[in-house]
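Here's a short tour of a small piece of structural detective work. Take a look at the sequence and the 3D view, then read on.

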Amino acid sequence: MGPTIAADTLRRTYRDTDPKRYQRDRQRDRSLLSVAATRPRDELAVFWHGTPSPLLTSCLVQRQVP
């Protein structure tokens, strides 16, 4: 389960006020995504609406199906 909208909004507010916490939370998000992406046995499908997460852009957005 990913962060909620409220958690994401809160994270943006302390990006400048508490950079260490922001970096810790970003690393936790990357770790959770990594764990979730390595669990499927046969196939992994990732969907999003609107702008994709910055965590996905480097590995998934490039392989987007038209």
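## A helix and its charged pairs

Let's begin inside helix α2, which covers residues 19-38: aspartate 25 and arginine 28 both sit in this helix, three residues apart, or about one turn. Keep in mind that this is a predicted model. Why might that spacing matter? An α-helix has 3.6 residues a turn, so residues three or four places apart point the same way.

Aspartate 25 and arginine 28 do in fact meet, their side chains forming a salt bridge at 3.3 Å, N to O. Arginine 28 also forms a salt bridge with the side chain of aspartate 29, this time at 3.9 Å. Put together, Asp25, Arg28 and Asp29 are linked in a network of salt bridges.

How many salt bridges are there in total? The count comes to three. Here they are side by side:

| Salt bridge | N to O distance |
|---|---|
| Asp25 and Arg28 | 3.3 Å |
| Asp29 and Arg28 | 3.9 Å |
| Arg41 and Asp42 | 3.3 Å |

Now, are the partners buried or exposed? Aspartate 25 has a relative accessibility of 11%, so it counts as buried, since the cut-off for buried is under 20%. Aspartate 29 counts as buried too, at 10%. Arginine 28, at 42%, is partly exposed. The pair arginine 41 and aspartate 42 is another story: both of those residues are exposed.

## Around helix α2

Back to the helix itself. Its 20 residues should span 28 Å at 1.5 Å a residue, and the end C-alpha atoms of α2 are 29 Å apart, which agrees.

Which residues of α2 are buried? They are Tyr22, Asp25, Arg26 and Asp29. Looking down the axis of α2, these buried residues fall within an arc of 100 degrees, so they line one face of the helix. On the other side of α2 you'll find Lys20, Arg24 and Thr38, which are exposed. So two members of the salt-bridge network, Asp25 and Asp29, are buried by the under 20% rule, at 11% and 10%.

## Zooming out

What about the whole protein? Its secondary structure comes to three helices and zero strands, and along the sequence the pattern reads α-α-α. Of the 66 residues in the protein, 14% are buried. The accessible surface comes to about 5800 Å², and carbon and sulfur atoms account for 56% of that surface.

Definitions and conventions
Residues are numbered from 1 along each chain as its sequence is written. This is a predicted model: local features need pLDDT of at least 70, side-chain atom pairs count only at pLDDT 80 or more; totals for chains, interfaces and linings use all residues. Side-chain values use heavy atoms; hydrogens and water are left out. Helices (H or I, at least four residues) and strands (E, at least two) are DSSP runs, numbered from the N terminus. Buried means under 20% relative accessible area, exposed over 50%, partly exposed in between (1.4 Å probe, protein chains only). Accessible areas come from the Shrake-Rupley method with a 1.4 Å probe; for residues, only the protein chains shown count as cover. A salt bridge is a side-chain nitrogen of Lys or Arg within 4 Å of a carboxyl oxygen of Asp or Glu. The expected span of a helix is 1.5 Å times one less than its number of residues. The arc is that of the directions from the helix axis to the C-beta atoms.
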